[in-house]
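Colleague: I'm new to this one. Could you walk me through it, a bit at a time?

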Amino acid sequence: MDLIIEGIKKAFWLLVSFDPEVLGITFLSLKVSGTATLISLFIGISVGASVALTRFPGRRIVVSLINTGMALPPVVVGLFVTISLWRNGPLGFMGILYTPLAMIVAQAVIATPIVTGITLAAVQQLPAKLRLQILALGATRLQMLWILIKEAKLSLLAAVMAGFGGVISEVGASIMVGGNIKGYSRVLTTATVMETGRGNFDVAIALSIILLLLAYLINLVLTQVQQRERPR
Amino acid sequence: MKKLWYSAFIFLGILALLAGGSSVTQAQEKTLILATTTSTQDTGLLDVLIPIFEKKTGYFVKTIAVGSGQAMTMGQKGEADVLLVHSPAAEKKFMEDGFGVSRRLVMHNDYVIVGPAEDPAKIKGLKSGGEAFKKMAAAQALFVSRGDNSGTHSKEKEIWKVAGNKYEGEKWYQQTGLGMGQTLNVAAEKKGYTLTDRGTYLALAKTLKLSILVEGDAVLLNIYHVMEVNPQKWPKANIAGAKAFADFMVSKETQEIIKTFGVDKYGSPLFFPDAGKKVEDLGK
């Protein structure tokens, strides 16, 4: 119990003293996971909406694959991304292993199926007659897609939160593809693992608290947006 | 209302722009991948040495702290440029197979056998590591092993060979597959024995309820070498950087830092510098 209080004190101290290392780590977490979420939104919403609105053979298999992808374990993603990015591996020419960019790639791979799956469910849930009505009013297919996405925005914001929450909290992929390099690819989760290994439990607890605070603040902003947009 | 909906996107967009600025990849020839053991990172030694090296040479070092086994696999696959490891038998094989171009002695410290103060297997004060392992096996006292092909794990297997006991698959023998720090925590929580390098133990001693029970045997020496990966096998290896780092590790200035590292915090040094010495002369 003492340890937890020590950790809370430490977290408070690290935050009010603007500890440059902790600030850097926090900022990097935000940047990597934020960018990965953004990428996953572009891919996830377009793929999710397309699959939701079309009929083709094998569609059920595709949908079940997307749904399985929502449970993709970060370490598995980390392993495959690492092997592909090895400098003697298939994508080694890019030379991005052990960089924040590699972490963004891995996290985008983790978040994309989550966003895709939720988008798919959200768009599918819209009344089928809505599509006909929009088209009957003279909208092009692209305009229809845009209106449908806007209709589903409450669920889509949930997709943003789920995707972001999934990647900011994962450690398996980040430590493998980022390498937890000091001042370069160290994020809140990988730093927590390392400080635990070093026996610095107070620092580890402090980092965890900062991570939780960060996740809460981001979700608070997104929830505000979501709830104000609620249809009355 | 609409603005609010877009603000979330804009927020993430700003983050993306910020990320774009910093994730530009470093020029390859100025980046150096150092694969090393968890002990050099967990003790904080590299946090002291790497910035000095970077400042001096302009290289950017990517330190990947894994077990010695994994570090050497990375070297074998050409995924690291230089290795700082402590698994002499495996290192010799690595050199014989032509994966490395040079192997130089850097420093040593020693392994210690730690366990709960109650010491159920009564090994405290024994002078021989093999003898201690034998008694632990006879008493069926819980032993927590790294089990990760690290240098410490190889050393442990070596000592089991000396002891001559069957241990694999026994109920009292558990493998964590984790780094040294975490394994020590597991041993402390389960009141088990484990083999650890002294550096990591000292760094964690304040939070652990484990005491040093056996130390000082010649078999317990823990020797660190720096090895440069063979560029003939892996043309992408940064051989100039690897050589610069290996030279740096055995340089007089670095050896002086190693000698005093940890004294202020733990009262005794964590590593003993050995550049230029012979392995046979260590610990005398």
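Modeller: Sure. One term before we start: a crossing of two helices is right-handed if the near helix is turned clockwise from the far one by less than a right angle, and left-handed if anticlockwise. Also, keep in mind that this is a predicted model.

Colleague: Then which handedness does the crossing of α1(A) and α11(A) have?

Modeller: Helix α1 (residues 2-16) of chain A and helix α11 (residues 201-228) of chain A have axes that come within 7 Å and cross at roughly 60 degrees. On the α1(A) side, the contact includes L3(A), I4(A) and L14(A), and on the α11(A) side it includes F201(A), V203(A) and I209(A). As for the sense of the turn, α1(A) passes α11(A) in a crossing that is right-handed.

Colleague: What classes of residue make up the contact of α1(A) with α11(A)?

Modeller: Among the residues involved are E6(A) and K10(A) from α1(A), along with D202(A) from α11(A). Glu, Lys and Asp count as charged. Sorted by class, the contact has three charged, one polar and twelve nonpolar residues.

Colleague: On to chain B. Into which domains is chain B divided?

Modeller: In chain B, there are twelve helices and ten strands. Of its 284 residues, 49% are buried, and residues 24 or more positions apart make 76% of the contacts with a separation of 6 or more. The division is into domain 1 (27-108 + 223-278) and domain 2 (110-220).

Colleague: Which helix gives the most to the side of domain 1 of chain B that touches domain 2 of chain B?

Modeller: The C-alpha centres of those two domains are 26 Å apart, and their contact takes 16 residues from domain 1 of chain B and 14 residues from domain 2 of chain B. On the domain 1 side, α2 (38-42), α4 (68-76) and α5 (88-96) of chain B each supply at least two residues. That side divides into six nonpolar, nine polar and one charged residue. With three residues, the one that gives the most is α2(B).

Colleague: How far apart are the end C-alpha atoms of helix α7 of chain B, and why does that agree with its 13 residues?

Modeller: Helix α7 of chain B covers residues 151-163, and its buried residues include H153(B), I159(B) and W160(B). After α7(B) comes G164(B), with a positive phi near 75 degrees. At 1.5 Å a residue, the 13 residues should span 18 Å, so the helix agrees with that expectation: its end C-alpha atoms are apart by 19 Å.

Technical notes
Residues are numbered from 1 along each chain as its sequence is written. Chains are lettered from A and ligands numbered from 1 in the order in which they are written. This is a predicted model: local features need pLDDT of at least 70, side-chain atom pairs count only at pLDDT 80 or more; totals for chains, interfaces and linings use all residues. Helices (H or I, at least four residues) and strands (E, at least two) are DSSP runs, numbered from the N terminus. A residue is buried if 20 or more other C-beta atoms lie within 10 Å of its own, exposed if 12 or fewer, and partly exposed in between; C-beta atoms are placed from the backbone. Two residues are in contact if their C-beta atoms, placed from the backbone, lie within 7 Å. Domain bounds come from an automatic or database domain assignment. The expected span of a helix is 1.5 Å times one less than its number of residues. Axes are lines fitted to C-alpha atoms, for helices over the stretch in contact, and angles run from 0 to 180 degrees between N-to-C directions.
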